[in-house]
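Colleague: I'm new to this structure and would rather start small than take it all in at once. Please pick one spot, give me a close look at it, and then work outwards from there.

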Amino acid sequence: KKLVKHERSICKLAFLLLQYGGGVGRLNGAMEEADIYLPFDQVRELYDTYWTMFSQLREFGDQLRLEWSRNGGYILNGVGRPMCVPPGYIKDILNRFIQSTAHDLLVIYSDILCNLLDKAEIEWYPVILDFHDAVTLEIAEHQQSQALAIYKQAFVELNDKISGELQIRGTPIVGRTLSEVKEPEDE
């Protein structure tokens, strides 16, 4: 992150903007707002290269827009939950699909985790059960190692339930305060 800070900021900005349906002009403007000045033809090349690399993602977005049109304004996310998408937000339908699917998977994971903790008779309290793609629980110190194993077991059971191959990102962390368990900020 430290060695390619400038390049990383360009990639991060482009990735987020393009996922929300931004075009070349919007990408160029957003970069200038972030004090990143590239020749317009280089911004166009970045845009074209991104969508060449992720052409299947673009095709999937097109399929979602077709589904939205056929359904009269809604799509099904990755776990089958209907999602209404107002016409003014159709450009970011792909990101909405991804975010809602990920959130629903977190909810399913949390349910599995809480049931496993209860079954193991581990006393737990939700600090912030669902916060930015994380599950934060308060657990007695003498049960923490058992709880950590259950966090991982719940992920295996989630994959079994959805017939998936999701990989957990990060490692369960034990700490006494929220600041101790917070993931490091991007630099």
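Modeller: Let's start at Ser 100: once its neighbours within four places in sequence are set aside, this serine is in contact with Asn 77, Arg 81 and Met 83 (contact means heavy atoms within 4.5 Å). Before going further, remember that this is a predicted model, where local features need pLDDT of at least 70 and side-chain atom pairs need 80 or more, although totals for chains, interfaces and linings use all residues. Numbering runs from 1 along each chain as its sequence is written, and side-chain values use heavy atoms, with hydrogens and water left out.

So where does Ser 100 sit? Look in helix α5, which covers residues 93-119 (helices are DSSP runs of H or I with at least four residues, strands are E runs of at least two, and both are numbered from the N terminus). Ser 100 counts as buried because its relative accessible area is 11% (buried is under 20%, exposed is over 50%, and partly exposed is in between, using a 1.4 Å probe and protein chains only).

Its side chain has two partners to look at. One is the side chain of Asn 77, with a polar contact at 3.3 Å. The other is the backbone oxygen of Phe 97, which the Ser 100 side chain reaches at 3.3 Å. (A polar contact is a pair of N or O atoms within 3.5 Å; within protein, one must be able to donate a hydrogen and the other to accept it, and residues adjacent in sequence count only if both atoms are side-chain atoms.)

Now follow Arg 81, one of the residues that Ser 100 touches. Arg 81 and Asp 104 meet through their side chains in a salt bridge, 2.7 Å from N to O (that is, a side-chain nitrogen of Lys or Arg within 4 Å of a carboxyl oxygen of Asp or Glu). This pair ties together distant parts of the chain: Asp 104 belongs to helix α5, while Arg 81 is in the loop between β1 (74-76) and β2 (82-84), and 23 residues separate them. The two ends aren't equally covered. Asp 104 is buried because its relative accessible area is 12%, whereas Arg 81 comes out as partly exposed because its value is 36%.

How many salt bridges does a search of the whole structure find? There are 4. Another joins Arg 96 to Asp 92, where the closest N and O atoms are 3.2 Å apart. Here too the acid is buried, as Asp 92 has a relative accessible area of 11%, while Arg 96 is partly exposed at 26%.

Then there's Arg 65 with Asp 62, whose closest N and O atoms are 2.7 Å apart. Both residues are in helix α4, 3 residues apart, or about one turn of the helix. Both are partly exposed, with 31% relative accessible area for Arg 65 and 40% for Asp 62.

Asp 92 also leads us to Gln 19, a residue of helix α1. Leaving out neighbours within four places, Gln 19 is in contact with Asp 92, and its other partners are Tyr 50, Trp 51, Leu 57, Leu 94, Asn 95 and Ile 98. With a relative accessibility of 5%, Gln 19 counts as buried.

Moving on past helix α5, Ala 120 lies in the loop between α5 and β3 (124-128). At 29% relative accessibility, Ala 120 is partly exposed. Not counting residues up to four places away in sequence, Ala 120 touches Gln 146 and Ile 150. For a sense of scale, its C-alpha atom is 48 Å from that of His 6, which is 114 residues away along the chain.

Last stop is Glu 138, in strand β4 (residues 136-139). Glu 138 is partly exposed, with a relative accessible area of 49%. Beyond four places in sequence, Glu 138 has contacts with Glu 123, Trp 124, Tyr 125 and Val 127. The C-alpha atoms of Glu 138 and Thr 177 are 9.7 Å apart, with those positions 39 residues apart along the chain.
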